[in-house]
Amino acid sequence: MKQLSIIYHSKSGNTRKMAHAVLAGAQLEKEVESHLITAFDANLATLANSDAVIFGTPENFGYMSGALKDFFDRTYDDALSKQIRPAYALFVSAGNDGTNAIRETRRILAGYNMQELAEPIISRKRVTEADEQACKVLGQTIAAGLALGIF
Ligand SMILES: Cc1cc2nc3c(=O)[nH]c(=O)nc-3n(C[C@H](O)[C@H](O)[C@H](O)COP(=O)(O)O)c2cc1C
């Protein structure tokens, strides 16, 4: 079975809400196993065992959260040398922007040679029903692509 991991960090719950919506969408595809894991709990094995990863982070100080950056710091060298590079997508919760978190996370993932599969989702201020729906569609889209062998 293809494996999809949703690796996220959330301090006050907004990104977590988005992550659960992404998972709900992904789980609509029964031929793919989807997992939710926090950035602090994720490690190189999480990447190695994933056919695709959907990363979620708040925008903090115009950057990804420290927790997601810590995940990248811990996995980058080994992922590169072992050529572990699952394809990915992103979602971001932000107070009012989110674009810098997207740009900087993309820069890091380009260093991993990971391919981006879909446009990122940005939720601003509170997570609306429309945001949750967009996250659900993102999860289902990536899972369906894996199930069909497109990704
Ligand atoms: C330390 C800190 C820094 C933040 N920096 C930004 C920022 O640079 N741009 C922005 O749009 N929002 C910023 N925010 C707002 C958060 O991105 C927003 O509250 C987000 O929904 C938090 O996600 P969470 O509930 O998953 O922790 C910041 C919040 C905190 C606590």
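Trainee: How many residues surround the ligand, and which are the closest?

Mentor: Bear in mind that this is a predicted model. Here 18 residues surround the ligand. Ser10, Asn14, Thr15, Pro58 and Gly95 are the closest.

Trainee: Which elements give two or more residues to that shell?

Mentor: Map the shell onto the secondary structure. Two elements appear: α1 (14-26) and β4 (87-94). The top contributor is α1, with 3 residues.

Trainee: How do the shell residues divide into nonpolar, polar and charged?

Mentor: Sort them by side-chain class. The shell around the ligand has 11 polar residues, 4 charged and 3 nonpolar.

Trainee: Now the interior. Which residues have the most contacts inside the largest nonpolar core?

Mentor: A core is a set of buried nonpolar residues joined through C-beta atoms within 7 Å. The largest one has 41 residues. Val22, Ile54, Tyr88, Phe91, Leu138 and Ile142 have the most contacts inside it. Helices α1, α3 (66-81), α4 (99-111) and α5 (129-147) each give two or more residues to this core, as do strands β1 (2-8), β3 (52-58) and β4.

Trainee: Take Leu138. What is it in contact with, beyond four places in sequence?

Mentor: Leu138 is in contact with Val22, Gly25, Ile54, Ala89, Phe91, Ala118 and Ile121.

Trainee: In what order do the elements of the chain run?

Mentor: Read from the N terminus: β-α-β-α-β-α-β-α-β-α. That comes to 5 helices and 5 strands. The radius of gyration is 14 Å, close to the 15 Å of the globule rule for 151 residues, so the chain is as compact as a globular protein of that length.

Trainee: What share of the residues count as buried?

Mentor: Of the 151 residues, 43% do. As for contacts with a separation of 6 or more, 83% join residues 24 or more positions apart.

Notes: Residues numbered from 1 in each chain as written. Predicted model: local features only at pLDDT ≥ 70, side-chain atom pairs only at ≥ 80, totals over all residues. Near = placed C-beta within 6 Å. Helix = DSSP H or I, 4+ residues; strand = E, 2+ residues; numbered from the N terminus. Nonpolar A, V, L, I, M, F, W, Y, C, P; charged D, E, K, R; others polar. Buried ≥ 20, exposed ≤ 12 C-beta atoms within 10 Å, placed from the backbone. Contact = placed C-beta atoms within 7 Å. Rg over C-alpha atoms; globule rule 2.2 N^0.38 Å.
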